[in-house]
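Work through these exercises with the sequence and the coordinates side by side. Try each task before reading its solution.

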Amino acid sequence: MTSTSRPLLNRRLAEFGTTIFAEMSALALSTGSINLGQGFPDTDGPEEVREAAVRALRDGRGNQYPPGPGVPELRTAIAAHQERRYGLSYDPDTEVLVTAGATEAIAATLLALLEPGDEVIAFEPYYDSYAASIAMAGGTRVPVTLRPHEGSFRLDLDELRAAVTDRTRLLLVNTPHNPTGTVLTRAELAAIAELAVERDLLVVTDEVYEHLVFDDSEHLPLATFPGMRERTVTIGSAGKTFSFTGWKVGWVTSTPGLVTAVRSAKQFLTYVASGPFQYAVAEALALPDSYFSAFREDMLAKRDLLAAGLTEAGFEVFRPAGTYFITTDIRPLGESDGFAFCRALPERAGVVAIPNAVFYDHREAGAPFVRFAFCKRAQVLEEAVKRLKSLAG
């Protein structure tokens, strides 16, 4: 028992308590509700990838500490993936770093690159670890808000330019964007690239949903734009693409200097992680294009299933161009407080969702929006839709 009256949690993290995901997942368990809150699939990924992990375990590969930068097979596979998909050439020995998921990659990158007081511009609403990682690094977050426009959430480029000051160190870009499902266009990315070059900014891009882009949208890594490869830290992950979120295998690709900086911070976080799974992910990244196409088509069908059901239930639906999340507006249901709505929804309809306000600094801007995940089996989504339609009555 402490003898001091000083708060136990340092002031940089005082605003961050238990995450909303833990709260809502616990509510799902206690009420027997369908959990469309947290973004994890309810089925495993490809059998051949799972068997590759089993084979690595049995062969004794990765059961002890793997190399600090990641096993060579995975670093080579990541570099090959970036070259094959986007024409980006990275040296697997000096320009690729394996991390404990994208969350560690984000934290290590910000801890490595920020000095206290540096400003970080991020697109609001943003994944909750962004705010915590910026705070742990002593940085100052500067939100630029994506706002509803013609059925999606869009970036105001003039607002972005106005947000850059002499204290701005880097831009934190997420596309495809969680939670809104926005995929930044070529024109938007070109404008971001021009701004970064003009103001000599570093850019961190979270691209974990790169293989989940729908309709006519296209994923374009910011590092492919003129002047950006040398100033961009690109973050990827196996969890979302291969439906093995528990394996926690992510990565960073960038220049030798930036990768070395990130590794300097990362080595004092987990040091290394996920040894046998790294070998399996190396094989997963080499799967044929047919796997990635089938994965995308499956998620597209699930998106459409849930979007149609939410519309019938009375929500205004923002049909996502990417990720596996749908943002809705609850005001057509006569509601305006996303927190209260989500906390009551399990009892009202037996479904759990996430209030988007948790992803905003400006909580009022996100108050009427609620996020649902569609990375579940079709029969689960059908049952959730059936339950949610009771709201329309």
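Which residue in E8 does Leu171 stand opposite? Keep in mind that this is a predicted model.

**Exercise 1. Trace the pairing around Leu171 in E7.**

Solution.
- Step 1. Leu171 stands opposite Val203 in E8.
- Step 2. E7 and E8 run parallel and are joined by five bridges.
- Step 3. Turn to E3. Leu171 in E7 is also the bridge partner of Ile121.
- Step 4. E3 and E7 run parallel too, with four bridges between them.
- Step 5. Check the burial of E7. Six of its seven residues are buried, so the strand is mostly covered.

**Exercise 2. Give the strand order of the seven-stranded sheet and find its edges.**

Solution.
- Step 1. The sheet is open, and its order reads E2-E10-E9-E8-E7-E3-E4.
- Step 2. The pairing is mixed.
- Step 3. Strand E2 (96-99) and E4 each have a single partner strand, so each has one side without a neighbour in the sheet.
- Step 4. Neighbouring strands here are turned by 20° against each other on average, with direction ignored.

**Exercise 3. Describe the surroundings of E10: which strands pair with E10, and in which sense, parallel or antiparallel?**

Solution.
- Step 1. E2 pairs with E10 in the antiparallel sense, over four bridges. In this pair, Val98 stands opposite Trp251.
- Step 2. E9 and E10 also run antiparallel, joined by four bridges. Here Thr234 has Thr253 in E10 as its bridge partner.
- Step 3. Now look at the two faces. In a regular strand, side chains alternate between the faces of the sheet.
- Step 4. Gly250 and Val252 lie on one side of E10, Trp251 and Thr253 on the other. All four are buried, so both faces are covered.

**Exercise 4. Place H3 and H4 against the sheet.**

Solution.
- Step 1. Helix H3 (residues 72-86) lies across E2, strand E9 (232-237) and strand E10 (250-253). H3 runs at about 115° to E2.
- Step 2. H4 packs on the sheet and touches E2, E7, E8, E9 and E10.
- Step 3. The direction of H4 makes about 160° with that of E9.

**Exercise 5. Characterise the packing of H4 with H5: what is the crossing angle, and is the crossing left-handed or right-handed?**

Solution.
- Step 1. Two packed helices are described by the angle and the distance between their axes.
- Step 2. The axes of helix H4 (residues 101-113) and helix H5 (residues 128-136) come within 8 Å. They cross at roughly 30°.
- Step 3. Angles under 35 degrees count as roughly parallel. H4 and H5 are therefore roughly parallel to each other.
- Step 4. Their crossing is right-handed.
- Step 5. List the contact residues. Thr103, Ile106, Ala107, Leu110 and Leu111 in H4 meet Ser129, Tyr130, Ser133, Ile134 and Met136 in H5.
- Step 6. Sort them by class: seven are nonpolar, three are polar and none is charged.

**Exercise 6. How many residues of H5 are buried, and what do they pack against?**

Solution.
- Step 1. Seven of the nine residues of H5 are buried, so the helix is mostly covered.
- Step 2. The buried residues are Ser129, Tyr130, Ala131, Ala132, Ser133, Ile134 and Ala135.
- Step 3. They pack against H4 and against four strands: E3 (119-124), E4 (140-145), E7 (168-174) and E8 (202-206).
- Step 4. Look just past the helix. Gly138 takes a positive phi of about 80° there.

**Exercise 7. Is Val71 buried or exposed, and which residues does it touch?**

Solution.
- Step 1. Val71 sits in the loop between helix H2 (47-58) and H3.
- Step 2. Its relative accessible area is 1%. The cut-off for buried is under 20%, so Val71 is buried.
- Step 3. Leave out residues up to four places away in sequence. Val71 then touches Pro66, Gln278 and Tyr279.
- Step 4. Gln278 is 207 residues away from Val71 along the chain, yet their C-alpha atoms are separated by 6.8 Å.

**Exercise 8. Describe the four-stranded sheet and the helix across it.**

Solution.
- Step 1. This open sheet has the order E11-E12-E15-E14, with antiparallel pairing.
- Step 2. Strand E11 (316-318) and strand E14 (354-355) are the edge strands, each pairing on one side only.
- Step 3. E11 pairs with strand E12 (residues 325-329) over three bridges. Val317 has Thr328 in E12 as its bridge partner.
- Step 4. Helix H11 (residues 289-312) lies across E11, E12 and strand E15 (369-373). H11 runs at about 15° to E12.

Technical notes: Residues are numbered from 1 along each chain as its sequence is written. This is a predicted model: local features need pLDDT of at least 70, side-chain atom pairs count only at pLDDT 80 or more; totals for chains, interfaces and linings use all residues. Side-chain values use heavy atoms; hydrogens and water are left out. Axes are lines fitted to C-alpha atoms, for helices over the stretch in contact, and angles run from 0 to 180 degrees between N-to-C directions. Helices (H or I, at least four residues) and strands (E, at least two) are DSSP runs, numbered from the N terminus. Angles under 35 degrees count as roughly parallel, over 145 as roughly antiparallel, 65 to 115 as roughly perpendicular and the rest as oblique. A crossing is left-handed if the near helix is turned anticlockwise from the far one by less than a right angle, and right-handed if clockwise. Contact means heavy atoms within 4.5 Å. Ala, Val, Leu, Ile, Met, Phe, Trp, Tyr, Cys and Pro count as nonpolar, Asp, Glu, Lys and Arg as charged, and the others, Gly among them, as polar. Buried means under 20% relative accessible area, exposed over 50%, partly exposed in between (1.4 Å probe, protein chains only). Two strands pair if DSSP finds at least two bridges between them.
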